[in-house]
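Work through the exercises below with the sequence and the structure open. Each task is followed by a solution in steps.

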Amino acid sequence: MTATLALGTYRCRGVAESAKAAVQADVDWIDTAPNYQQGQAERQLAPVLATYPGMRVSTKAGFFTKARASEAVEAGVLTQEQADRGHSLEPAFLSWQTARSKEDLGRAADIVFLHNPETGHRTSKELEQDLLPAFEALESSCARGLTKGYGVATWSGLHDGLMTVDRLLALAHWAGGPRHHLRTIQLPLSLVQLSPLAEAVRGRGVLLDAHDAGLEVFASAPLHGGELMSIVTPGVAEQLVPGMTPLEAVLGTVASSPGVTRILLSASTPEHWADAAAAVSRPITSPQLRRIVDAFSS
């Protein structure tokens, strides 16, 4: 297995404390966003990032708080009508937001994700018309040192086919040429949101497309908000993969899936990280993976 654990801060109660616990567990990546923790997550992470300069960090651009919306209108990068929507892919706003994230984090992010760019779009053509100028803005941000690269973090766009890896790469090439800075995708992967995993087990789909293109894949919500731990009981885990605990079966399935490189968890204590690390350290074989996927697909 090549997937490693990373801290996702969407559900963290105390971002700084969770980040410190992640550092103690040798986790080397934190994922956040300007709208997390009522807009305070990036600022809360700044002291931790300053103390541990080797920690890598990704943030997002797209959604924003009401306070940040007012600042964007005052800065002239959003109209009031655009600000009222709560989400924007406007190039001027993305450039401004990326600069603000660098300021709040205290350093340039390693990756800035477009945050659920499918929001408000009904067709692929409509979405791509907004994605191209958005990618151009992020390429410019890379050139200005505001971020080292960019990606797409989606909840449904890669599951439902509104976006594909090939089309994202084509847009990135148009925006930045052959040396573009599109580096990664992020999408929910779990035994509930299973379709990309099922396709990968069968040798096709978005995860393998990303792997073949050299893109990292960040798996978000692997426990589906914790709900899976009540669904996959010890008895269910034993039936699917004899000798494995529920956590090992749930996390191990995502960690063992072809193409997945990082798994985002909102673990908050060293003990939680130790449990998660132990869970992903046990390999799940291809036949076992197929058995699990088939069981939950049905």
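**Exercise 1.** Classify P47 as buried, partly exposed or exposed.

Solution. The model is predicted, so the value used here is computed from its coordinates. P47 has a relative accessible area of 48%. Buried requires under 20% and exposed requires over 50%. P47 therefore counts as partly exposed. As to its place, P47 belongs to helix α2 (residues 41–51). L105 is 58 residues from P47 in sequence, and their C-alpha atoms are 8.3 Å apart.

**Exercise 2.** Determine the geometry of the aromatic pair formed by F64 and F93, and locate both residues.

Solution. The structure holds six aromatic pairs. In the pair of F64 and F93, the ring centres are 5.2 Å apart and the planes make an angle of 65°. An angle over 60 degrees counts as edge-to-face, and that is the class of this pair. F64 sits in the loop between β3 (56–61) and α3 (66–75), while F93 is in helix α5 (residues 91–105). The two are 29 residues apart, so the pair links distant parts of the chain. Both F64 and F93 are buried.

**Exercise 3.** Repeat the analysis for F113 and F218.

Solution. The ring centres of F113 and F218 are 5.6 Å apart with planes at 70°, so this pair is edge-to-face. F113 is in strand β4 (residues 111–115) and F218 in strand β7 (residues 216–220); the pair therefore ties together parts 105 residues apart in sequence. Relative accessible area is 0% for F113, which is buried. F218 is buried as well, at 0% relative accessibility. Ring pairs also bring in W29, giving a cluster of W29, F113 and F218.

**Exercise 4.** Which residues touch the most other members of the largest nonpolar core, and which helix gives the most to this core?

Solution. The largest nonpolar core has 91 residues, and the members that touch the most others are F135, L168, I185, L189, L207, I263 and W273. Helix α6 (residues 124–143) gives the most, with seven residues. A second, separate core has seven residues, including A6, F113, A153 and L264. Leaving out residues up to four places away in sequence, the contacts of L189 include P196, L207, V217 and V260.

**Exercise 5.** What does A175 touch beyond four places away in sequence?

Solution. A175 is in helix α7 (residues 165–176). Its contacts at that sequence distance are L132, F135, E136 and E139. For F135, 40 residues from A175 along the chain, the C-alpha separation is 5.9 Å.

Definitions and conventions. Residues numbered from 1 in each chain as written. Predicted model: local features only at pLDDT ≥ 70, side-chain atom pairs only at ≥ 80, totals over all residues. Heavy atoms only, no water. Core = buried A, V, L, I, M, F, W, Y, C linked by side-chain atoms within 4.5 Å. Buried < 20%, exposed > 50% of the residue type's maximum accessible area, 1.4 Å probe, protein only. Helix = DSSP H or I, 4+ residues; strand = E, 2+ residues; numbered from the N terminus. Contact = heavy atoms within 4.5 Å. Phe/Tyr/Trp six-rings, centres within 6.5 Å; stacked < 30°, edge-to-face > 60°.
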